[in-house]
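Visitor: I am new to this structure. Please take me through one part of it closely, and set that part in its surroundings.

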Amino acid sequence: MLKTLKGDGESTGLVFNMTTKYLTTLFPRIKAHAGITGLQLRDLRREGVSRMVEKGYSVLQIAVFTGHRDIDMIVKIYNAAQAVNIARR
């Protein structure tokens, strides 16, 4: 499915050939089709940030990648992920 959505990136600057408005509209249909409840689109972004933290990226690197202008939310996620990692050890 992702291969069919992949754009050329050069002409549009997009990794996938879709706008945020299209994704926002499509997401509820995808969830319903998959039988998923209780998931919001922003949860995916948070999950992505959490995984970047686990891989060792810094808060500033994550902010650049995600486009966050205010890093407060990243710092909260970063601190929570670090606490989980410490608890695992």
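Guide: Here is a close look at the packing of two helices and the residues around it. Keep in mind that this is a predicted model.

Start with the whole chain. The secondary structure comes to 5 helices and 0 strands. Along the sequence the pattern reads α-α-α-α-α. The chain has 89 residues, and 20% of them count as buried. Its accessible surface comes to about 7400 Å². Carbon and sulfur atoms account for 58% of that surface. Now take the contacts between residues at least 6 apart in sequence. Of these, 24% join residues at least 24 apart.

Next, the part itself. Two packed helices are described by the angle between their axes and the distance between the axes. Helix α3 covers residues 41-54. Helix α4 covers residues 59-66. Their packing angle is about 145°, and the axes lie 10 Å apart. The crossing of α3 and α4 is right-handed. Which residues of α3 and α4 make the contact? From α3 come Arg45, Val49, Met52 and Val53. From α4 come Ile62, Phe65 and Thr66. By type, the residues of this contact divide into 5 nonpolar, 1 polar and 1 charged.

Between the two helices there is a loop. Ser58 lies in this loop between α3 and α4. Ser58 is partly exposed, because its relative accessible area is 30%, between the cut-offs of 20% and 50%. The C-alpha atoms of Ser58 and Val75 are separated by 9.8 Å. Along the chain, Ser58 and Val75 are 17 residues apart.

Past α4 comes another loop. His68 sits there, between α4 and α5, and α5 spans residues 72-88. What does the side chain of His68 join through a polar contact? The partner is the side chain of Arg45, at 3.5 Å. Arg45 also takes part in the contact of α3 with α4. Set aside the neighbours of His68 within four places in sequence. His68 is then in contact with Arg45, Ala63 and Ile74.

Now move on to α5, where Ile77 is found. Is Ile77 buried or exposed? Its relative accessibility is 5%, so Ile77 counts as buried. Leave out the neighbours of Ile77 within four places in sequence. Its contacts are then Arg46, Val49 and Ser50. Val49 is also one of the α3 residues in the contact with α4. Arg46 and Ile77 are 31 residues apart in sequence. In space, their C-alpha atoms are 7.4 Å apart.

Last, go back to α3 and look at Arg51, which lies in this helix. Arg51 counts as exposed because its relative accessibility is 53%. The side chains of Arg51 and Glu47 are joined by a polar contact of 2.7 Å. Arg51 and Tyr78 are 27 residues apart along the chain, with 9.7 Å between their C-alpha atoms.

To pull the picture together, return to two residues of α3. Arg45 is in the contact of α3 with α4, and its side chain has a polar contact with that of His68. Val49 is in that helix contact too, and Val49 is also in contact with Ile77.

Definitions and conventions: Residues are numbered from 1 along each chain as its sequence is written. This is a predicted model: local features need pLDDT of at least 70, side-chain atom pairs count only at pLDDT 80 or more; totals for chains, interfaces and linings use all residues. Side-chain values use heavy atoms; hydrogens and water are left out. Helices (H or I, at least four residues) and strands (E, at least two) are DSSP runs, numbered from the N terminus. A polar contact is a pair of N or O atoms within 3.5 Å; within protein, one must be able to donate a hydrogen and the other to accept it, and residues adjacent in sequence count only if both atoms are side-chain atoms. Contact means heavy atoms within 4.5 Å. Axes are lines fitted to C-alpha atoms, for helices over the stretch in contact, and angles run from 0 to 180 degrees between N-to-C directions. A crossing is left-handed if the near helix is turned anticlockwise from the far one by less than a right angle, and right-handed if clockwise. Ala, Val, Leu, Ile, Met, Phe, Trp, Tyr, Cys and Pro count as nonpolar, Asp, Glu, Lys and Arg as charged, and the others, Gly among them, as polar. Buried means under 20% relative accessible area, exposed over 50%, partly exposed in between (1.4 Å probe, protein chains only). Accessible areas come from the Shrake-Rupley method with a 1.4 Å probe; for residues, only the protein chains shown count as cover.
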